[in-house]
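Student: Hey, I've got a protein model open and I'm a bit lost. Could we walk through it together?

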Amino acid sequence: MVLTSSARDYINRILHDISGMKVLILDSQTVSIVSVVYSQSELLQKEVFLVELVDSISKSNEPMSHLKAIYFLRPTSENIQYMRRQLASPRFGEYHLFFSNILKDHHIHLLADSDEQEVVQQVQEFYADFVAIDPYHFTFHVPSNYIYMLPAVVDPSALQRFCDRVVEGLAAVFLALKRRPVIRYQRTSDIAKRVAQEAAKLMYQEESGLFDFRRMEVSPLLLVIDRRDDPVTPLLNQWTYQAMVHELIGIQDNKVDIKSIGKFPKDQEEVVLSSEQDSFFKANMYENFGDIGMNIKRLVDEFQQVAKSNQNIQTVEDMAKFVDNYPEYRKMHGNVTKHVTLVTEMSKIVEERKLMLVSQTEQELACNGGQGAAFEAVTNLLNNESISDIDRLRLVMLYALRYEKDSPVQLMQLFNKLASRSAKYKPGLVQFLLKQAGVDKRTGDLYGNRDLMNIARNMARGLKGVENVYTQHQPLLFQIMESIVKGRLRDVDYPFIGNHFQQGRPQDVIIFIVGGTTYEESRSVALQNATNTGIRFILGGSSVLNSKRLFRDLEEAQRVSRSSTSVV
């Protein structure tokens, strides 16, 4: 079972069993949960005539007793208060309440007390408290994602809220999959350890009855790791379709807002990129940019063949046939337009920002040694007028992460050059990144310097010449998955919680990255799952990163840590 189908099944069950005209009321998080697995037209087919947010529906008093209200909300105190107010003066004929996670007993009592007019038909828990953006990739969109970078003492309540959201989300994922995992975490990360401990406490103590599923021979594994163990992956330019769209334009809940990059007709300002709803995207989301261009050309050619045959309308029968095929024809037309637009816009950005030049140096920094040549390449790019500020910052960060111990003098020279070249450069951001994710803080062998197997692989890679210089980088996650498949994930680096150990290889592994995932990593997971090792991997994170989002989190964490030290 994959997470997209679990979430979709829950939404299906909510909508299917309640007949007649309906209004669907969501909160800011469940709107994302629903939108990635259900399209607007599918909602209409289920007789959902209105979709509203719970806070905005509170502001209206218009009675709508002909409609049945379906609420699908996270079980937060805030949402319970909204519900109580709305039940006190009900506007709808019936109320059906569904919560995306475990509902506390006192919340149930509060709702029961508020339902004086007895309009509530049912209250149920449907565990879909995660945004299933792809079959093997989910996120929680945790607000204030930067909090994980700060010591607990800086803002204990904000950190607790962050942990609570992650732990609740992980509980829902395992309840949806009907599994209880053994849990491991990255030893060097306090936040990974805390999430792992709180998740174990919830699943094995506080709600152990809920998680008491039929025992499997080998329990699934939940591995909690920290984004700071691999800060390189979100800093790199991307050259495979889905990851590249997110890096250059941005994807939010499988939607791409293209208003930011140009003028488009109103109905094309937002496009959907979903592997569940778009067969071309599903087939090409992990392909590299060069191949995408060829595949889109084929798509355009196919469409033109269909268009030509449709133009040949001679008789009433031809016309009827065309009208029958019209929805498909329109869908195909929309699909072609969407992909041509995205690839055209990305090509412009690549050209304007000289990204092929930048990316070659980025990949060298991430994958190959040679500090002298790297320093020269980065210096030349910093001096190049065509290179944008964001790309200069990225290059210096990648150099700093690679050579922080080898060349402090040259590193200072790059810092100074960056500060003099770039008006937007935030002084200290590179140093803040090193403090967060420098070599002393990391568990994994990020550059393959310590592991003989990795050294041999890197040498072989260098000798053979890489088939595509722009996609040679592999995230640290790839090594972690390889270690799990081979049964070599070291207990000393990734300890178990409690006395739960694994006898044999797990069949299901969920790797959760505190701080956020990238689409490059979700591609690694999909490719790993396609190799049929007998282990299925699912990737989750507190948010989905591109380099801009990582910078935003770093800046916010730096700002908060500065203000907290100045108060002291």
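**Loops, sheet and helices**

Tutor: Sure! Let's start with N532, which sits in the loop between α20 (519-529) and β13 (536-541). Keep in mind that this is a predicted model.

Student: Okay, what's the phi of N532 like?

Tutor: Phi of N532 is near 55°, so to speak a positive value in a residue other than glycine. For background, most residues other than glycine have a negative phi.

Student: And is N532 buried or exposed?

Tutor: N532 is exposed, with a relative accessible area of 67%; the cut-off for exposed is over 50%.

Student: Which other residue has a positive phi?

Tutor: Take E118: its phi is near 55°, and E118 is a residue other than glycine. You'll find E118 in the loop between α6 (105-114) and β5 (120-125). E118 is exposed, with a relative accessible area of 66%.

Student: Cool. Switching to the sheet: in what order do the strands go?

Tutor: There are 6 strands in an open sheet, ordered β6-β7-β13-β12-β9-β8, and the pairing is mixed. At the edges are β6 (131-134) and β8 (182-185), each pairing on one side only. On average, neighbouring strands of this sheet are turned by 25° against each other, direction ignored.

Student: How many bridges join β8 to β9?

Tutor: 4 bridges join β8 to β9 (residues 221-226), and these two strands run parallel. If you want a spot to look at, Y185 stands opposite V224 in β9.

Student: Which strands does α8 lie across?

Tutor: Helix α8 (residues 190-206) lies across β8, β9 and β12 (508-514), and α8 runs at about 170° to β8.

Student: What about α20, which strands does that one lie across?

Tutor: α20 lies across β6, β7 (137-139), β12 and β13, running at about 165° to β13.

Student: New topic: why is α17 called largely enclosed?

Tutor: Because 7 of the 9 residues of helix α17 (residues 429-437) are buried, the helix is largely enclosed by the rest of the structure. Buried here means under 20% relative accessible area.

Student: Which residues of α17 are buried?

Tutor: They are L429, V430, F432, L433, L434, Q436 and A437.

Student: Last one. Which residues form a nonpolar patch on the surface?

Tutor: M21, L44 and F49 do, with about 310 Å² of accessible area together. F49 belongs to strand β2 (residues 48-53), and F49 is partly exposed, with a relative accessible area of 46%.

How values were computed
Residues are numbered from 1 along each chain as its sequence is written. This is a predicted model: local features need pLDDT of at least 70, side-chain atom pairs count only at pLDDT 80 or more; totals for chains, interfaces and linings use all residues. Side-chain values use heavy atoms; hydrogens and water are left out. Buried means under 20% relative accessible area, exposed over 50%, partly exposed in between (1.4 Å probe, protein chains only). Patches are made of residues with over 30% relative accessible area and no salt bridge: like charges are joined within 9 Å, nonpolar side chains (Val, Leu, Ile, Met, Phe, Trp, Tyr) within 5 Å. Accessible areas come from the Shrake-Rupley method with a 1.4 Å probe; for residues, only the protein chains shown count as cover. A salt bridge is a side-chain nitrogen of Lys or Arg within 4 Å of a carboxyl oxygen of Asp or Glu. Two strands pair if DSSP finds at least two bridges between them. Axes are lines fitted to C-alpha atoms, for helices over the stretch in contact, and angles run from 0 to 180 degrees between N-to-C directions. Contact means heavy atoms within 4.5 Å.
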